[in-house]
Amino acid sequence: MNTIIDNYVVNGKAIADWTIKDHNQALDTLGTYIYEPLHGVLVLGGGSKPYLLEILKETRDGEVKVEIVDGLACYSAVPFGHKDPVISEGVNQFIAQMATIPRSISHSYLGPWMVKLQEFTRMDMFLPKCSGTEANETAIKAIRKWGKNFGGKDGKGIEENPVILSAQNAFHGRGLGSTALMDDPVSRKDLEPLMEGFDQVPFNDIGALKDKFKEHDGNIAGVFLEPIQAEAGILVPDDNYLHEVQELTKKNNALFVLDEIQTGYCRTGANFAWQLYGLEKPDLMTIGKAMSSGVIPVSCLCGKKEIMDLFEPHGEGSTFGGYPLASFVGLLTIHELEKRNITSLAVENGVYLKHKLEEVARKYPTKVKEVRGKGMLISVEIFPEYDGHKLSMSMLENGVYAKETHETNLRIAPPIVIERDGMDKIASALDASLAGL
Ligand code: PLP
């Protein structure tokens with residue numbers, strides 16, 4: 001209950017008195033139809049433990065309050081779960097002090113945040129933004145700038161349009177540049193002409209990438225990949241794939257660029273997924289989601305100095321990128337991740353959760369194709385004759401919010417701090433849901 005706003009009368013009723021139907025009706029008629037809304041449920045807030053959500057649910061007996069396990073953590077954006085006392089208290093204290101100021105004047109946390117970002121990411125320089133897609137748009141600019149100045153076989157710049165290679169089935173966000181990185185026909189529909197200078201290759205296929213380098217002969221400025229394809233269904237590459245891609249980019253004087261927006265910030269059992277594969281740091285990396293513990297949108301383009309130096313005043317900027325609250329909560333998040341050793345926890349909990357899910361999967365060999373993932377980013381893939389949306393609805397009925405991706409994958413990525421009883425609950429909900437599928 002929020003005492004300041006909940007008595008505000010909207011559409012003839014105090015907000016506190018709105019029914020689930022009132023909420024659904026407003027969203028159905030006024031919200032642009034870009035998500036398939038889950039009807040009959042309304043999230044009220046965090047629950048009695050950090051990995052629980054309190055929801056209102058329509059039943060035959062009216063609306064009832066129940067707690068469910070947050071099995072998705074807002075697509076990895078919520079590592080500490082909800083109502084974390086340190087994050088909440090810190091943010092409350094901070095916003096009681098100030099609103100915002102422009103980037104053209106310094107404040108107390110931007111500098112310290114960047115120093116910690118450097119330690120945490122091992123990258124050289126940082127350009128903060130708000131959404132993941134914005135960070136990726138900025139990465140595309142960086143690749144083009146670098147390509148025009150230092151790309152090509154002789155390193156003196158690509159004269160023709162530099163090409164950026166990305167992977168089929170990738171997800172990089174909703175800006176026009178991010179959309180051009182993706183081959184998903186629904187995302188691209190009616191948007192032509194899309195930005196030029198993009199091409200895609202199958203993920204995890206080094207031969208196809210080598211062929212593309214030959215085809216574009218000296219014009220490739222960068223290869224842009226998610227280290228583990230998340231939206232595509234948690235597709236984990238072969239152990240050597242990313243290393244080979246990195247070597248190929250070095251050999252061909254192209255940038256190796258990673259989108260760690262979903263995989264970064266300890267989710268996969270390392271600060272960043274590239275560290276799982278023993279790579280050298282990428283040339284550019286985009287991060288977002290969990291950077292703020294999920295309380296506000298914060299993202300960032302991180303890069304090597306010689307690339308980031310190509311940006312200049314008046315050529316790039318942002319009202320809210322790196323604004324005081326973002327810097328503060330960004331810094332606080334790294335502090336808490338390190339203090340609580342969340343990377344090790346992601347490894348430990350990931351092993352436990354995957355093992356529990358595999359145990360369940362073995363009971364349904366004709367329904368479950370595979371359980372895969374790294375750390376706390378896991379997918380349960382079902383065979384195509386079964387419906388992933390039905391499975392995720394059934395998970396909700398059984399007390400767990402986990403969402404399907406690409407029809408046949410149930411993505412399971414709870415807050416990293418989830419306790420064993422929460423993971424057991426996910427496994428038992430999966431068992432009951434698969435039984436009824
Ligand atoms: N890149 C990846 C890998 C993502 O998973 C997402 C979001 O799911 C994005 C980019 C886009 O981030 P945002 O929705 O914050 O723009």
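1. Let me start in a loop: Gln-262 sits between β10 (255-259) and β11 (284-287). Is Gln-262 buried or exposed? It is buried, as its relative accessible area is 8%, and the cut-off for buried is under 20%. For a sense of where this residue sits relative to another part of the chain, take Arg-188: the two are 74 residues apart along the chain, and their C-alpha atoms are separated by 21 Å. Keep in mind throughout that this is a predicted model.

2. Arg-188 brings us to the stretch that follows α7 (185-188), where Pro-193 lies in the loop leading to β8 (198-201). Have a look at the peptide bond between Glu-192 and Pro-193: it is cis, with omega at about 0 degrees. As background, most peptide bonds are trans. I would point this one out to anyone going through the backbone of that loop.

3. Two residues have a phi worth a comment. Ala-73 is not a glycine, yet its phi is positive, near 50 degrees. Where does Ala-73 lie? Its place is in helix α2, which covers residues 73-76. Ala-73 has a relative accessible area of 0%, so it counts as buried.

4. The other one is Glu-407, again not a glycine, with a positive phi of about 60 degrees. Glu-407 is found in the loop that links β16 (403-405) to β17 (409-412). Here the relative accessibility is 59%, and therefore Glu-407 counts as exposed. So on one side we have a buried Ala-73, and on the other an exposed Glu-407. For context, most residues other than glycine have a negative phi.

5. On to the overall layout. The domain assignment splits off domain 1 (1-63) and domain 2 (88-339). How far apart are the C-alpha centres of domain 1 and domain 2? The separation is 35 Å.

6. Within the range of domain 1, helix α1 (residues 20-30) holds Gln-25. Gln-25 counts as exposed because its relative accessibility is 53%, and the cut-off for exposed is over 50%. Its C-alpha atom is 24 Å from that of Met-395, a residue 370 positions away along the chain.

7. Ile-234 makes a nice contrast with Gln-25. The loop between β9 (220-225) and α9 (241-251) is the place of Ile-234, and at 0% relative accessibility this residue counts as buried. From Ile-234 to Asn-341 the C-alpha to C-alpha distance is 24 Å, with their positions 107 residues apart in sequence.

8. Now the helix packing, beginning with α11 (residues 324-339), which has two partners to mention. With helix α3 (residues 85-95), the axes come within 10 Å and cross at roughly 155 degrees. That makes α3 and α11 roughly antiparallel, since the label applies to angles over 145 degrees. The crossing is right-handed.

9. The second partner of α11 is helix α4 (residues 110-121), packed against it at an angle of about 40 degrees with the axes 9 Å apart. How are α4 and α11 oriented to each other? They are oblique, and their crossing is left-handed.

10. Further along the chain, helix α12 (residues 342-363) packs with helix α14 (residues 420-435): the axes are 9 Å apart and the angle is about 20 degrees. These two are therefore roughly parallel to each other, and the crossing of α12 and α14 is right-handed.

11. Last, the aromatic side chains. How many aromatic pairs are there? The count comes to 8. One of them joins Tyr-265 and Phe-272, with 5.7 Å from centre to centre and 90 degrees between the planes, an edge-to-face arrangement. Both Tyr-265 and Phe-272 are buried.

12. There is also an aromatic cluster made up of Phe-94, Tyr-109 and Phe-328. Phe-94 falls in the range of α3 and Phe-328 in that of α11, so it's handy to view this cluster together with the packing in point 8. Finally, check Phe-80: Arg-340 lies over the face of its ring, at 4.5 Å from the ring centre.

Key: Residues numbered from 1 in each chain as written. Predicted model: local features only at pLDDT ≥ 70, side-chain atom pairs only at ≥ 80, totals over all residues. Heavy atoms only, no water. Domains from an automatic or database assignment. Phe/Tyr/Trp six-rings, centres within 6.5 Å; stacked < 30°, edge-to-face > 60°. Buried < 20%, exposed > 50% of the residue type's maximum accessible area, 1.4 Å probe, protein only. Lys NZ or Arg CZ within 6 Å of the ring centre and 35° of its normal. Axes fitted to C-alpha atoms, helices over the stretch in contact; angles between N-to-C directions. Helix = DSSP H or I, 4+ residues; strand = E, 2+ residues; numbered from the N terminus. Parallel < 35°, antiparallel > 145°, perpendicular 65-115°, else oblique. Left-handed = near helix turned anticlockwise from the far one by under 90°.
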